[in-house]
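Please open the structure in a viewer and keep the sequence panel visible. The tour proceeds by selections, each followed by a description of what is found there.

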Amino acid sequence: MIYLDNNATTKPFPEVIKIFEESSFANPHSTHSAGLLADKELQSAKESIAKDIDCELDEIYFVGSPTEACNWAIQILRDKECKIKYHNYEHSAVLKPILAFPEVKNPKRNGYVQMLVNNIYGEIYNIPIKEHNDDIIFCDGTAAIGHIPFSFKKSGIDMLAFGAHKFNGLRGIACLIIKKDLLPVRSLLWGGDITGGTPCQGLASAMAYALHKNIEHMNENTKKTKEMQDYIINELTTIPFSRINGPIGNNRISNNVNISFSYISGSDLQKYLSDYNICVSTGSACDSNSFVESRGGICVRPLKKDSQREPELVTIFKAGGMDEDDAKNSIRITLDANYNTMEEIKEFVSTLKNIIELNRPI
């Protein structure tokens, strides 16, 4: 199998599975010896993550997924009575909780929402500049953390979401980093500590290991994925009526290629490639069957039941300045420096060219 859908999820490092299996089973909230050992593992994981993304230890909150982290961040913005400013290319984990409720009446401050890297077509975005000192910035770093250089302290961000399975960790754990200035905040769940539930120190330790390994090898990883990205773009743009979607150059993350062919749908192309055991996507796995309102701006309300809605992928492409055909005819190729090889990429490109040739209009 050639797996090129790494923005959906990455293959875990063997070490993270071992770390998870060998971690303490006890509840880190317990005060007996086994619980204290579990808590020590949990704190060690926090220390590693804090060092790698340059935040304070007590700013790290473990949750179950990037979606949960994003949902919680939007709730916090609402609780802080923010006028939420966002873009329609945000992930549904961000857009849906924004659109689910009416905008805050008489807001006290601005709440800026900005993904760091577009998970569909790879664009790297600038962090917003606050209009006022008490404004709040939340960034979805799910497609960025572990892949591009980042410092929480230097960024000016107040909240950051990211998940382990995007950088060779395990599914089931993510972080929301919350600047201490924002405390207190309301929990998403009732019961236990602020995040609710029993922390899993095994998942946390595995996440910390995977993050550190990717950050430690970031320069060589970027060089490797850039070589594969350049090869894909150079080869596939020789095909007539092809189009690279999103930016070219330094504004695009090195592990992403999004391309459209004007005479074949992305879903058909995905199926043809899957027949050859090659895995690509047509967009975000989370959003493949979801819909959002195609309007940009500030806290727009959900559509009424009888209103016309567009597929989320179309909305995201339009927000990025592309058209509906590019969205429907696109495939997303996302790379992992730790597992993908140039040999795989050459086989993928050769297979794709043959499929395109067979489906070319007469």
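The stops below begin with the whole chain and then turn to single elements and residues.

**The whole protein**

Display the full chain as a cartoon, bearing in mind that this is a predicted model. The secondary structure comprises 11 helices and 14 strands. Colour the residues by burial: of the 362 residues in the protein, 52% are buried. Among contacts between residues at least 6 apart in sequence, 72% join residues at least 24 apart.

**Helix α2**

Next, select residues 33–53, which form helix α2. How far apart are its end C-alpha atoms? They lie 31 Å apart, which agrees with the 30 Å that the 21 residues should span at 1.5 Å a residue.

Within this helix, show the side chains of the buried residues: G35, A38, E41, L42, A45, K46, I49, A50, D52 and I53. Then add the elements that cover these residues, including β2 (60–63), β6 (159–163) and β7 (174–178), together with the helices α5 (152–155) and α6 (201–216). Just after α2, select D54, where phi is positive, at about 65 degrees.

**The second largest pocket**

Keep α2 in view and turn on a surface display. The second largest pocket has a volume of about 350 Å³. Of the 24 residues that line this pocket, select the closest to its centre: F62, V63, T195, G196 and P199. Which elements give two or more residues to the lining? They are α2 and β2. Strand β2 gives the most, with 4 residues. Coloured by type, the lining residues divide into 12 nonpolar, 7 polar and 5 charged.

**A loop residue, T9**

Move to the loop between β1 (2–3) and α1 (14–22), where T9 is found. Is T9 buried or exposed? T9 has a relative accessible area of 16%, so it counts as buried, the cut-off being under 20%. Select Y3, H165 and R171 as well: T9 is in contact with these residues, leaving aside its neighbours within four places in sequence.

**Two cysteines**

Finally, select C139 and C279 and compare their surroundings. C139 is buried, with a relative accessible area of 0%. C279, at 22% relative accessibility, counts as partly exposed. How many disulfides does the structure hold? The number is 0. A disulfide is a covalent bond between the sulfur atoms of two cysteines.

Methods: Residues numbered from 1 in each chain as written. Predicted model: local features only at pLDDT ≥ 70, side-chain atom pairs only at ≥ 80, totals over all residues. Heavy atoms only, no water. Expected span 1.5 Å × (residues − 1). Buried < 20%, exposed > 50% of the residue type's maximum accessible area, 1.4 Å probe, protein only. Contact = heavy atoms within 4.5 Å. Disulfide = S-S within 2.5 Å. 1 Å grid on protein atoms, 1.4 Å probe; cavity = no way out; pocket = protein on both sides within 12 Å on 5 of 7 lines; lining within 4 Å. Points joined across faces, edges and corners; volume = space filled by probe spheres on them. Nonpolar A, V, L, I, M, F, W, Y, C, P; charged D, E, K, R; others polar.
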